[in-house]
Amino acid sequence: MSTLPEPVRVVQLPDGTYTYADHLPTPLQPAPVPQVVHQHIHHAPPDRTVQRIALGSGIGAGTVAAGVYFGPLLVGALTAIAANLALLAFLAAVMAWGVVSVVKSIGGTDGANAAKNVGKARKSLRRR
């Protein structure tokens, strides 16, 4: 019994050239019946989806690690900035209300007239 592979057959094509028999195109076969595949799709959690897409598109592991680390850090920083701005806006509104109240109460007629003029100016700006 021999363990040598079977020799490759050489054939001559109709145009006169020679080729190996294992390089010939396979004859056309009828298309197989489509197979029904039941696939269960599981969605990735939203916090890792971007990283998985990045890995699939060939971005390096360092970029993915930076996204994993700095993504939540950026969200936290932006939230802190937004909270600070909201606090400052609230303080500005309270202080403006306080100034208007003080001017109205101790300013006499001049203070009341000034408050009315400011109110009229605001209303005229809203109409435009």
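**Notebook: confidence, fold and surface of a predicted chain**

I began with confidence by element: helix 2 (residues 61-106) has the highest mean pLDDT, 88, and helix 1 (residues 49-56) the lowest, 61. The model is a predicted one, and I kept that in view for each entry below. For the chain as a whole I noted an average pLDDT of 77, with 73% of the residues scoring at least 70.

Next I looked up the secondary structure. I recorded two strands and three helices. Their order along the sequence reads β-β-α-α-α.

I then turned to burial. Of the 128 residues in the chain, 5% count as buried. The exposed area of the chain is about 12000 Å², and 67% of it is supplied by carbon and sulfur atoms.

Which residues make the nonpolar surface patch of about 1000 Å²? I listed L74, L78, I81, L85, L87, L88, F90, L91, V94 and M95. I checked the place of one of these residues, L87, and found it in helix 2. Helix 2 is also the element with the highest mean pLDDT.

My last search was for aromatic pairs, and the count came to one. The ring centres of Y69 and F70 lie 4.9 Å apart with the planes at 80°, so I entered the pair as edge-to-face; the cut-off for that class is over 60 degrees.

Are the two partners buried or exposed? Y69 has a relative accessibility of 54% and therefore counts as exposed, since the cut-off for exposed is over 50%. F70, at 49%, counts as partly exposed.

Conventions: Residues are numbered from 1 along each chain as its sequence is written. This is a predicted model: local features need pLDDT of at least 70, side-chain atom pairs count only at pLDDT 80 or more; totals for chains, interfaces and linings use all residues. Side-chain values use heavy atoms; hydrogens and water are left out. pLDDT is the predictor's confidence in each residue, from 0 to 100. Helices (H or I, at least four residues) and strands (E, at least two) are DSSP runs, numbered from the N terminus. Patches are made of residues with over 30% relative accessible area and no salt bridge: like charges are joined within 9 Å, nonpolar side chains (Val, Leu, Ile, Met, Phe, Trp, Tyr) within 5 Å. Accessible areas come from the Shrake-Rupley method with a 1.4 Å probe; for residues, only the protein chains shown count as cover. A salt bridge is a side-chain nitrogen of Lys or Arg within 4 Å of a carboxyl oxygen of Asp or Glu. Rings of Phe, Tyr and Trp (its six-membered ring) pair if their centres lie within 6.5 Å; planes under 30 degrees apart count as stacked, over 60 as edge-to-face and the rest as tilted. Buried means under 20% relative accessible area, exposed over 50%, partly exposed in between (1.4 Å probe, protein chains only).
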